[in-house]
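Dear colleague,

I am passing on the structure we spoke about, and I would be grateful if you could look through it alongside the notes that follow.

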Amino acid sequence: MAQPQTLRLILGDQLNTEHSWFRQQEDHVCYLMAEIRQETDYVKHHIQKVTGFFAAMRSFAKHLEKLGHRILYIPISENQSHSFDILITEQIQLQNIQKFEYQEPDEYRLDAQLQSLCERLAQNNIETQMQSSEHFLTQRNTLTLFFEGKKQALMESFYRMMRKKSGYLMIGGQPEGGKWNYDGENRSSFKDQVPIPAIPLLKNDIKAIVDEICAENIQYIGEIDINNFNWPINRTQGIELLKHFCEHLLPYFGKYQDALYSEDPFLFHSRLSFALNLKMISPKEVIEHSIEAYHNNRHDVSLSQIEGFVRQILGWREYMRGMYWREMPEYANLNALEHRNALPLFYWTGNTKMKCLEKAISQSLKHSYAHHIQRLMVTGNFALLTQIDPDQLDQWYLGIYIDAIEWVEMPNTRGMSQYADFGKIATKPYISSANYIDKMSNYCKSCHYNAKAKKGEDSCPFNSLYWNFLDHHRNKLSSNPRMGMMYRLLEKKNQEEMQEIRDRASKIIKNPDLF
Ligand SMILES: Cc1cc2nc3c(=O)[nH]c(=O)nc-3n(C[C@H](O)[C@H](O)[C@H](O)COP(=O)(O)OP(=O)(O)OC[C@H]3O[C@@H](n4cnc5c(N)ncnc54)[C@H](O)[C@@H]3O)c2cc1C
Ligand code: SF4
């Protein structure tokens, strides 16, 4: 019996060459890939993000073509359809398609859109099928099932289950080295103790893509250096980056994971999130390759370094995805602390006297990247302390980072960083005064403000904001057992001190762009 003419959609973050779809070439299958306005315009993206997606998609399409697959690739300059619904419906008619297939999208909005499209197609007797993207280590509902009936969904419990299930860093059913977590050993600041290895130069030619983006008048943020686009755009480059990480960066990954350093935005971080999130490389191979480097001990990788890294991928990444699918769509509207302030303008320019924010934001605009602690304890911390509306912040994080896709951006932003879910993800708000930033960075030394000063015009804004936050949210947060110490210290402040804190914090909150 003849096979039905089949259209298979490949989304821009589904560039998995190892997917079972591509194991054999099939004449009845046409693969559809499209650069499309609905995706470039749902938020204002960084120019490197749009460029990186298009470059990786084009490279993927060429690869499939070489393998003999039939590809319909529609570049942005030729795409008249602004949404997938229109494009897919047109192609189904044009090509006399009988079956439509797609891989499970990772974003709720695309999932809902394709599901309702499929319902309409079914009414016209078009068969439809959603298949696994064959990328993650868990199913969408693994986390939901694991925590069923439990009061709290702690990442640590999920991570331990994942370690047991996968056998990674396990010996005889027990965690290697006897402990599950070596986080406590991984909190050093960076003071040039060891040289930071240079990042590999990937030399991707992206000029034509950038020209097309500009010609199409796609709105974007940030900068791009067309002679130096250093993000991986295919599997080979993703693997190259992974090998570089295992050889040069993994030995110090955990140790300096939380360090903030103005001279180098990447430190010992892997920069693998873009390749991972577009599925050019898989979490399984990233974990296994790095564990192999540890076991061979070729590069002096200690247990605390490898455990710290494996926890990010096996634990945090899968956990965030599970939480996203458990909590959506309500999660997108959560604002438990009722924060309603507008995002300061300097988030779009880096133009502020606060050195930590200036560095984190200008690096983000330049590289479309900031590492986790910059996102959490600098930009996220300031936004939380100044009571920024999580909707506005979500849009900012979703636009500015090359790795930002909603399933991972949103739980990190609303949950981990802004406590807008009132503790579904973080057991307490991630806030700090200048103390933490000063301890972990070299920013404060060259800052306009004094990290040690608690009051006065030159005092670090984070200091008064921190105590003001605790004071402001006393009713909501003081009964949190993990915040007991913070509230006991707050209680020790006298009336006069509290008034000074409130006055200065209120000035900053009202007009953060003056600071
Ligand atoms: C407010 C905020 C927003 C964030 N938005 C995103 C986002 O849009 N996309 C994204 O991929 N990550 C996001 N993260 C998580 C983390 O900051 C990035 O994954 C990491 O900085 C990417 O850089 P890297 O590849 O060098 O990571 P490394 O530090 O080298 O870590 C290795 C890998 O671990 C994974 N990982 C580490 N931490 C997390 C985490 N908290 N959640 C999920 N995966 C993690 C990533 O895949 C990362 O590539 C966000 C964090 C915060 C606090
Ligand atoms: S003094 Fe305050 S504002 Fe300045 S860099 Fe340090 S923490 Fe940031």
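Across which strands does helix α2 lie, and at about what angle to β4 does it run? Please keep in mind throughout that this is a predicted model. In it, helix α2, which spans residues 47-66, lies across β2 (29-34) and β4, and its direction makes an angle of about 160 degrees with that of β4.

The sheet to which these two strands belong is an open one of five strands, arranged in the order β4-β2-β1-β5-β6 and paired in the parallel sense. Its edges are formed by β4, residues 70-74, and by β6, residues 127-131, each of which pairs on one side only, and from one strand to the next the twist averages 20 degrees. Towards the β6 edge, strand β5 (residues 99-103) pairs with β6 over five bridges, in parallel, and within this pairing phenylalanine 100 of β5 stands opposite threonine 128 in β6.

The other part that I looked at is the surroundings of ligand 2, where 14 residues make up the shell and Met354, Cys356, Cys444, Cys447 and Cys460 come nearest. Two or more residues are contributed by each of α12 (355-367), α16 (434-440) and α17 (461-472), with α16 giving the largest share, namely three residues. As to the character of this shell, 12 of its residues are nonpolar and two are charged, while no polar residue is found among them.

With best regards

Definitions and conventions: Residues are numbered from 1 along each chain as its sequence is written. Chains are lettered from A and ligands numbered from 1 in the order in which they are written. This is a predicted model: local features need pLDDT of at least 70, side-chain atom pairs count only at pLDDT 80 or more; totals for chains, interfaces and linings use all residues. Two strands pair if DSSP finds at least two bridges between them. Helices (H or I, at least four residues) and strands (E, at least two) are DSSP runs, numbered from the N terminus. Axes are lines fitted to C-alpha atoms, for helices over the stretch in contact, and angles run from 0 to 180 degrees between N-to-C directions. Two residues are in contact if their C-beta atoms, placed from the backbone, lie within 7 Å. A residue is near a molecule or strand if its C-beta atom, placed from the backbone, lies within 6 Å of it. Ala, Val, Leu, Ile, Met, Phe, Trp, Tyr, Cys and Pro count as nonpolar, Asp, Glu, Lys and Arg as charged, and the others, Gly among them, as polar.
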